[in-house]
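Here is an informal walk through one protein structure. Have the sequence and the 3D view open while you read.

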Amino acid sequence: MTKENKKFYISTALPYVNSVPHIGFALEIIQADVIARYHRNLGEEVFFLTGTDENGLKIARAAEEANIPVEEFAKKNADTFRNLKEILNLSFDDFIRTTEDRHIKAVYKLWQACKKDVYKKKYRGLYCVGCEQFYTEDELVDGLCPEHKTKPEIVEEENYFFKLSAYENQLKELIEKDVIKVIPQTRKNEVLGFIKKGLEDICISRSSERARNWGIPIQDDPSQIFWSWFDAVINYISALGYGTDDNNFKKYWQENDNKIHAIGKGILIFHSLYWPAYLLSAGISLPDKLFVHGYVTAGGQKMSKSLGNIVNPSELVKKYGTDAVRYFFLREASPFEDSDFTIEKFEDRYNSDLAKGLGNLVARVVTLAIKCKTKNEKCKTTIQNVRLKEEIIKIQEDYKKTLEEFKFNEALKAVWELIGFCDRYIEQEKPWEDTENKTEILNDLLLTIDEIAKLIEPFLPETSEKISQQIKSLKSIPLFPRI
Ligand SMILES: [Zn+2]
């Protein structure tokens, strides 16, 4: 009998396709990629999902502005997100577009499953198209949307509503008791604070007219189109086969208690309350964890088209390489709070940590090993020096602990402590001098950088591979040339 592997599921939020990717989304998808790779390395069966949200009103409007038919516009921008796979060396298993048939089938299935909690009523509210959501007067800041600083539109029409209020107590308990664990704690408190104000029912459709006929029409009432925050979150199960492939859906969702959504702080309420409420209503298993990251600013300001400070991840990759970009966001950005991007910070990190730190250590050890022809059949395959061995064990423990708490920066910090330790060890042991045990010292160091290569694999997959090859072939190839 074969032992069944542990399952692991992770998703990113679906970015809107009204424009091309910026580094804010790059941060999220790189973080999710690290988690997916880490769990694959543990031997788990991983499903890593991303895709694009294409049904919102803001997409219809952006296409109109660009004077391109909306289907074509959405596809073109969706492709730029899909291309991140190669540009950022991502390992996602599926890419779902919310305009796909398999998604629409799942939306209809969930709609039917939730119907007991749905009713129709006339409504007048303040709607922000940027957020694709209604706001109450007191949620606005000086009459403006808190996210977009724009004046919301007054909308009056008859729409479908979902009885979120009916789930208030249940949701409160799920969040409080970490059944759905919101990480970090500050975001959990934010959700609990939101519930405390009382949950009102939410509008989950809009008139086809207001939606410019763009979106998923409600089957039994085509005058209405699903609100994008009803349909978009369903991607997390439509991609797994909810409504189309029961076995896969069962395997990665229903019978898996390791399901994580990586999201930005701006869409916390949709994921911690609305999405679980739909699932509760339909009798479907709930996500287990929400990992909530902060935003990336550029030079201290929010990135925006009008400010002209949008940083494009593809251009960074072209100039500095994929792993340098991955490293910067994982090491320099706070996993939970907002982080700032500047080219100066980027180049500082690159030179000090990659060119000097990691690159220098690998080059040094490999070059010394070549000189004294360390690699031979008599060399041990485990580290002999006790101090080095103990240091590695300590680093491995730190690494595991911090990574499982999504503290990517601290996990990398731990690995770089090991790099620093090796540098000092080389200075002390001077394996370039003709000492008796220099073959053993260098062999230990080769084994240690092999361990470093394994540790950085989820973060810097290409560099990890290059290091392993250098150790095998004992050929020195520079990893990160200085800039
Ligand atoms: Zn807004």
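## Starting from one alanine

Ala-62 has 19 C-beta neighbours inside 10 Å, so Ala-62 counts as partly exposed. Keep in mind as you look around that this is a predicted model. Ala-62 is found in helix α2, which covers residues 57-66. Which residues does Ala-62 touch, leaving aside its neighbours within four places in sequence? They are Asn-18 and Phe-73. You can also look from Ala-62 to Ala-74: the two are 12 residues apart in sequence, and their C-alpha atoms are 9.6 Å apart in space.

## Two helix pairs

Helix α2 packs with helix α3 (residues 70-82), with the axes 9 Å apart and an angle of about 100 degrees. That angle falls between 65 and 115 degrees, and α2 and α3 are therefore roughly perpendicular to each other. On the α2 side, the meeting residues are Ile-59, Ala-60, Ala-62, Ala-63 and Ala-66, while α3 brings Val-70, Phe-73 and Ala-74. By type, the residues of this contact of α2 with α3 divide into eight nonpolar, no polar and no charged.

Further along the chain there is another pair to look at. Helix α13 (residues 322-331) and helix α14 (residues 343-371) have axes that come within 10 Å and cross at roughly 100 degrees. α13 and α14 are therefore roughly perpendicular to each other. From α13, the contact is made by Ala-324, Tyr-327, Phe-328 and Arg-331; from α14, by Phe-346, Arg-349, Tyr-350, Asp-353 and Leu-354. What mix of residue types does the contact of α13 with α14 have? Six are nonpolar, none is polar and three are charged.

## Strands side by side

Now for the strands. Here are some of the pairs, with their bridges and directions.

| Strand pair | Bridges | Direction |
|---|---|---|
| β1 (residues 7-12) and β2 | five bridges | parallel |
| β4 (residues 118-128) and β6 (residues 153-162) | 10 bridges | antiparallel |
| β6 and β8 (residues 202-203) | two bridges | antiparallel |
| β9 and β11 (residues 221-226) | three bridges | antiparallel |
| β14 (residues 296-298) and β15 | two bridges | antiparallel |

To find your way between β1 and β2, look for Phe-8, which stands opposite Val-46 in β2. Is strand β2 largely enclosed or largely open? Seven of the eight residues of β2 (residues 45-52) are buried, so β2 is largely enclosed by the rest of the structure.

Strand β6 appears in the table twice. For its pairing with β4, a handy marker is Lys-122, whose bridge partner in β6 is Glu-158. For its pairing with β8, look for Phe-161, which stands opposite Cys-203 in β8.

Two open sheets are worth tracing as well. In one, three strands line up in the order β9-β11-β10, and the pairing is antiparallel. Its edge strands are β9 (205-207) and β10 (217-218), each of which pairs on one side only. Between β9 and β11, Arg-206 stands opposite Ile-225 in β11.

The other open sheet has three strands in the order β15-β14-β16, and its pairing is mixed. Here the edge strands are β15 (301-302) and β16 (339-341), each pairing on one side only. Thr-297 stands opposite Lys-302 in β15.

## Into the core

Which residues touch the most other members of the largest nonpolar core? They are Ile-10, Val-365, Val-415 and Ile-449, out of the 138 residues in that core. Helix α1 (residues 23-41) gives this core its largest share, 11 residues.

Val-365 makes a good place to stop and look around. Leaving aside its neighbours within four places in sequence, Val-365 is in contact with Leu-442, Leu-445, Leu-446 and Ile-449.

Leu-445 turns up again beside a cysteine. Cys-422 touches Leu-361, Leu-445 and Thr-448, not counting residues up to four places away in sequence. Cys-422 has its place in helix α16 (residues 408-429). Is Cys-422 buried or exposed? With 22 other C-beta atoms within 10 Å, Cys-422 is buried; the cut-off for that is 20 or more. Finally, look from Cys-422 across to Glu-176: they are 246 residues apart along the chain, and their C-alpha atoms are separated by 44 Å.

Note on methods
Residues are numbered from 1 along each chain as its sequence is written. This is a predicted model: local features need pLDDT of at least 70, side-chain atom pairs count only at pLDDT 80 or more; totals for chains, interfaces and linings use all residues. Axes are lines fitted to C-alpha atoms, for helices over the stretch in contact, and angles run from 0 to 180 degrees between N-to-C directions. Helices (H or I, at least four residues) and strands (E, at least two) are DSSP runs, numbered from the N terminus. Angles under 35 degrees count as roughly parallel, over 145 as roughly antiparallel, 65 to 115 as roughly perpendicular and the rest as oblique. Two residues are in contact if their C-beta atoms, placed from the backbone, lie within 7 Å. Ala, Val, Leu, Ile, Met, Phe, Trp, Tyr, Cys and Pro count as nonpolar, Asp, Glu, Lys and Arg as charged, and the others, Gly among them, as polar. Two strands pair if DSSP finds at least two bridges between them. A residue is buried if 20 or more other C-beta atoms lie within 10 Å of its own, exposed if 12 or fewer, and partly exposed in between; C-beta atoms are placed from the backbone. A nonpolar core is a set of buried Ala, Val, Leu, Ile, Met, Phe, Trp, Tyr and Cys residues joined through C-beta atoms within 7 Å.
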